[in-house]
Protein chains: 2
Amino acid sequence: MDVFAALADPVRRELLRALTTGPSRVVDLSAAHPISRPAVSRHLRVLAEAGLVTADDRGRERHYRLRPDALAPVAGLVAELVSEPQSGAAPFAASVLDGLDLEVRRTGRERRSDPATRTSVPTEETA
Amino acid sequence: MDVFAALADPVRRELLRALTTGPSRVVDLSAAHPISRPAVSRHLRVLAEAGLVTADDRGRERHYRLRPDALAPVAGLVAELVSEPQSGAAPFAASVLDGLDLEVRRTGRERRSDPATRTSVPTEETA
DNA sequence: ACTATTGGTAATCGATCAGTTACGTGATCG
DNA sequence: CGATCACGTAACTGATCGATTACCAATAGT
């Protein structure tokens with residue numbers, strides 16, 4: 001499942017928010033949310049497939065950790081849509097992408113061609 | 001349908017990208033995508049419910065225009081998840097939110113309290 | 001060793017979604 | 001006017017999703 005579909009579910013978004021305070025176990029996450037533990041487990045699997053979380057196996061426990069880099073396509077889409085094509089560059093959006101250690105410039109219409117900063121990462125998984 | 005669910009569909013994301021070059025009619029949008037016109041119409045309705053587009057009725061034509069402000073919850077979530085709680089502030093994410101003329105600070109754990117810049121808009125529709 | 005805890009998986013069910021074809025409505029053009 | 005164009009809606013279908021209960025494997029504690 002891709003990142004956007006993973007974020008479509010409010011429960012999954014809530015799980016991601018819960019992980020901002022640090023890695024958590026499945027039991028704790030399911031205790032904090034009004035759904036059964038298998039449901040949480042499935043949601044975590046979806047989030048893991050999307051790259052948004054990773055699991056650290058520690059004995060019989062499994063600690064899920066947030067992986068914010070996987071949000072790059074989302075930030076990239078926001079950057080694409082917010083930037084007005086005729087208004088020059090997209091000054092604001094760039095900094096979030098910096099926060100995600102990925103190059104997601106290339107707002108679709110090949111805005112500038114600055115070979116130094118352009119590497120390889122596509123704007124989205126469909127590209 | 002909320003913004004995240006609206007963005008979950010790749011066709012809808014593609015429609016939004018098509019609208020970055022300016023308002024378009026339904027016929028043109030459906031001609032550029034491999035789905036039928038009613039399908040495009042339904043997708044546009046979903047996007048309109050999410051606030052991501054608006055329709056300008058001009059005679060028998062209907063011009064759909066992009067509404068980037070509706071991306072605020074998305075940018076807000078990215079800001080929430082990217083900011084590390086123990087690493088101080090969230091410097092990068094803030095600027096995207098500026099680009100969306102909305103205040104989506106308040107990353108959950110009431111990070112600072114700067115009454116001058118905080119107004120009213122919640123981080124997400126669930127809040 | 002026995003038992004309790006942690007966590008994933010399988011089977012099932014109901015609901016929602018995305019797509020199509022067919023149809024109806026209002027505006028434009030000859 | 002009559003024909004056409006643009007657009008939305010209705011009805012229907014196949015696929016996917018989310019949740020639950022029941023079950024199984026592995027680790028930890030006594």
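These notebook entries record what I looked up in a predicted model of two protein chains with DNA.

**Entry 1. DNA strand D**

I began with the protein residues around DNA strand D. I found 22 of them, and the closest are S36(A), H43(A), V27(B), S41(B) and Y64(B). I then asked which part of the strand faces the protein. Of the atoms of DNA strand D within 4 Å of the protein, 69% are sugar or phosphate atoms, and the remainder are base atoms.

I next looked up individual polar contacts with the phosphates of this strand. The side chain of S36(A) places an N or O atom 2.5 Å from a phosphate oxygen of DNA strand D. For Y64(B), a polar side-chain atom is likewise 2.5 Å from a phosphate oxygen of the strand. R62(B) has a side-chain N or O atom 3.1 Å from a phosphate oxygen of DNA strand D. The elements giving two or more residues to this surface are α2 (10-18) and α4 (37-49) in chain A, along with α3 (26-31), α4 (37-49) and β2 (61-66) in chain B. I noted that α4(B) supplies the largest share, four residues. By residue class, the surface near DNA strand D consists of nine nonpolar, four polar and nine charged residues.

**Entry 2. DNA strand C**

I repeated the search for the other strand. Around DNA strand C there are 23 residues, of which V27(A), S41(A), Y64(A), S36(B) and H43(B) come nearest. Sugar or phosphate accounts for 69% of the atoms of DNA strand C within 4 Å of the protein, and bases account for the rest.

Which part of DNA strand C does a polar side-chain atom of R37(A) approach? I found that the partner is a base oxygen, at 2.8 Å. Y64(A) has a side-chain N or O atom 2.6 Å from a phosphate oxygen of DNA strand C. A polar side-chain atom of S36(B) is 2.5 Å from a phosphate oxygen of the strand. Two or more residues of this surface come from each of α3 (26-31), α4 and β2 of chain A, and from each of α2 (10-18) and α4 of chain B. I counted the classes here too: nine residues are nonpolar, four are polar and ten are charged.

**Entry 3. The nonpolar core**

I turned to the interior. The largest nonpolar core has 50 residues, and L7(A), L52(A), L7(B) and L52(B) have the most contacts inside it. In general, nonpolar side chains of soluble globular proteins tend to be buried together.

I followed L52(B) further. Beyond its neighbours within four places in sequence, L52(B) is in contact with V3(B), A6(B), L7(B), L16(B), L47(B), R65(B), L66(B), R67(B), A70(B) and L71(B).

I also checked helix α5 (residues 72-82) of chain B. Eleven of its eleven residues are buried, so the helix is largely enclosed by the rest of the structure. Among the buried residues of α5(B) are P73(B), G76(B) and E80(B).

**Entry 4. V46(B) and H33(A)**

Is V46(B) buried or exposed? Its relative accessibility is 14%, under the 20% cut-off, so V46(B) counts as buried. V46(B) belongs to helix α4 of chain B. Although V46(B) and A6(B) are 40 residues apart in sequence, their C-alpha atoms are 6.5 Å apart. Apart from neighbours up to four places away, V46(B) is in contact with M1(B), A6(B) and R12(B).

I found H33(A) in the loop between α3 and α4 of chain A. H33(A) has 12% relative accessibility and therefore counts as buried. Sequence neighbours up to four places away aside, H33(A) touches E14(A), L15(A) and A18(A).

**Entry 5. G51(A) and the hairpin of chain A**

G51(A) lies in the loop between α4 and β1 (53-58) of chain A. At 27% relative accessibility, G51(A) counts as partly exposed. Not counting residues up to four places away in sequence, G51(A) touches R67(A) and A70(A). The C-alpha atoms of G51(A) and A70(A) are 5.5 Å apart, although 19 residues separate the two along the chain.

I closed with the strands of chain A. β1(A) and β2(A), residues 61-66, run antiparallel and are joined by six bridges. V53(A) stands opposite L66(A) of β2(A). Two residues lie between the strands of this hairpin, where G59(A) takes a positive phi near 65°.

Methods
Residues numbered from 1 in each chain as written. Chains lettered and ligands numbered in written order. Predicted model: local features only at pLDDT ≥ 70, side-chain atom pairs only at ≥ 80, totals over all residues. Heavy atoms only, no water. Near = heavy atom within 4 Å. Polar contact = N/O pair within 3.5 Å; in protein donor to acceptor, adjacent residues only side chain to side chain. Nonpolar A, V, L, I, M, F, W, Y, C, P; charged D, E, K, R; others polar. Buried < 20%, exposed > 50% of the residue type's maximum accessible area, 1.4 Å probe, protein only. Contact = heavy atoms within 4.5 Å. Pairing = 2+ DSSP bridges. Core = buried A, V, L, I, M, F, W, Y, C linked by side-chain atoms within 4.5 Å.
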